[in-house]
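I opened this entry to look up how two chains meet and what a record says about one of them. My notes are kept in the order of the lookups.

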Amino acid sequence: MEIRPFQTLTLRARRFYVGAMFQVMGRALQAMTEVDGEACRETRQLPPGFLFEMRVLPSGPVMVVEHTKDGRLRFLGTDAPRPINLSIQFKHMVHAFRVVSFQEKTAIAFANERMLVDGDIAYAVRMTRVLNRLETFILPRFLAVRAVKQYPRSLGFVEKTAGAARIYLRVLRNLIGNERPYE
Amino acid sequence: MSSRFFEFFCPVKVIAGKAALEHLPWEMQGLSVKRPMIVTDKGIHQAGLLEPVLAACREGGVQIAAIFDDVPPDSSTSVVREIATLYRDKHCDAIIALGGGSAIDTGKAANILVSMGGDDLEQYSGAGILKHPLRPFFVIPTTAGTGSEVTSVAVISDEQRGVKLPFTSSFLLPDAAIIDPRMTLTLPPHITAATAMDALTHATEAFIGLAKNPLSDAYATAAIQKIGQWLLPVMNDPKNEEGRLELALASTMAGIAFSNSMVGLVHALGHATGAKCHLPHGVCMSLYLPYALEYNLEYIREPLGELLLHLEGPERYAQTPTEQRAESCIAAIRALRDQLHQRCGLPRTLEETGQVEFSQLEAIAQLALDDGAILFSPQEVSFEDAHALVCRAWS
Ligand SMILES: [Fe+2]
């Protein structure tokens, strides 16, 4: 049977979208821990030099983030300099797509066994909360409520818009590439 | 909250009821087992629970080739190594784990070593490391609570490194679980109560958690019904064989339920409390269950209200207006705890245990946040939430 072209196009678009979202999330994670004390409270518990990755099995996009110190995360792109400490692996591209396009909440994706955890579960729980926090920060509220279990009560409008603006700005500057991760 | 996707898996043959033990030889012969080894603990041996197993095997034509009866309450990698050595020395070809959670976990871990080879258990730690089935393995639970006979998990502490090694694989599931009422007949009242509360918590958390699904729901509700009906009668009459069997079945069913839909906040808090204060797991479950349900109330109103039917029966359910059923279910659980307190002194608050300091509550809340079970709590939990909850459970 011949594979119809639009199917492969869909697959490629999906792969591209997930890869791009990983890039955005990686940079946003870095930016968030530079401005948000609440997120740092979680990440500070990780050991310095801790490497976290999200990847899509069997050979999909990868995102690698390092905890440098004091809760700061640094986006390393797709390559890890050392063995990974914690890996969250989506079993299939479609599962990753559903999560990063906010059709399935991260916690539900765990519950539905869409992904595997390789590493210390305590760190996985912590990183899930950090990812939730990220989503509430960078997404418009109507999307964020779809992505996380509960929209945080303590995240007021001012805090959110100010926080989101600063994170977006940093993501943007990082994407353009004329800002060093650490000044 | 119903999930539109789920997985459900339980390939364990359950052999339950009167003279269930006497089915074990036939099951072993079906797998060509000739030299089984029993893994158990001293308490089981002293309680006289080993004898009926040996007798059943002898009469059924299977000779037990080795017995290890020294599993400690918190099993370790060195114990597992010791068992593997004995297994190899005696040319055994199967393991029968006889006991509670620790003996069963130890049996699972020993089966990894003797099947995969080597003496280094750590290399098999984690999820999905085991790639092929292990040697024949049978479980005879002697408490009615943990459900370990139907879970694909084992936890063994590595005493040298001071960490707990988790093992997860469907190959850890036994070929058969033997549920015989003789095995739980002599369980002391406070252990009967605490382990039953553990089973009740497994079923309840399976039914209200984020990963609930129609198949695990069926097992969970049936388990809750049995516990609601039989726990107090068994506390009043410990030799009630029918009630003992029903509680043991409830524990197995609750185990099937939670291993397919996960546990939640009660277990996160309970694991943390157990680790900090060395309280028995079942006691921790009983302490936190009503408070964790109250914390999640607005997210679980519907399923929790439904549980009233299974816990208290159709009359009480029908008499309770729909909007009050969830609260009534929590009240019924509190009433059950009061009854158990009266009968065997099962503590209802952290203070009543006499083993927890108020100053430890912050550390307990902090540790609970790192527990995997907390992911499946319907309401998100922050440190402040967890701390407020353990404070409510204090007195
Ligand atoms: Fe439990």
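The notes below cover the annotated domain, then the interface and one side of it.

Entry 1, model and domain. I am working with a predicted model. I checked UniProt for chain B: an unreviewed entry lists residues 11–181 as "domain: Alcohol dehydrogenase iron-type/glycerol dehydrogenase GldA". For that stretch of chain B I looked up the secondary structure and got 30% helix and 23% strand. The C-alpha atoms at its two ends lie 22 Å apart.

Entry 2, extent of the interface. I asked how many residues each chain brings to the contact. Chain A brings 20 residues and chain B brings 23 residues. The area buried between chain A and chain B comes to about 1900 Å². I noted that carbon and sulfur atoms give 46% of that area.

Entry 3, polar pairs. I looked for salt bridges across the interface of chain A and chain B and found three. One of them joins Arg126(A) to Asp370(B). In this pair the closest N and O atoms are 2.6 Å apart. I also looked up polar contacts between the two chains, and the count is four residue pairs, with both residues at pLDDT 80 or more.

Entry 4, the side of chain A that touches chain B. Which elements give two or more residues to this side? They are helix H4 (106–111) and helix H5 (121–138) of chain A. H5(A) gives the most, with seven residues. By residue class, I recorded seven nonpolar, five polar and eight charged residues on this side of chain A.

Technical notes: Residues numbered from 1 in each chain as written. Chains lettered and ligands numbered in written order. Predicted model: local features only at pLDDT ≥ 70, side-chain atom pairs only at ≥ 80, totals over all residues. Heavy atoms only, no water. UniProt positions renumbered as here; feature names shortened; annotations may be inferred. Contact = heavy atoms within 4.5 Å. Buried area = accessible area lost by both parts, 1.4 Å probe. Salt bridge = Lys/Arg side-chain N within 4 Å of Asp/Glu carboxyl O. Polar contact = N/O pair within 3.5 Å; in protein donor to acceptor, adjacent residues only side chain to side chain. Nonpolar A, V, L, I, M, F, W, Y, C, P; charged D, E, K, R; others polar.
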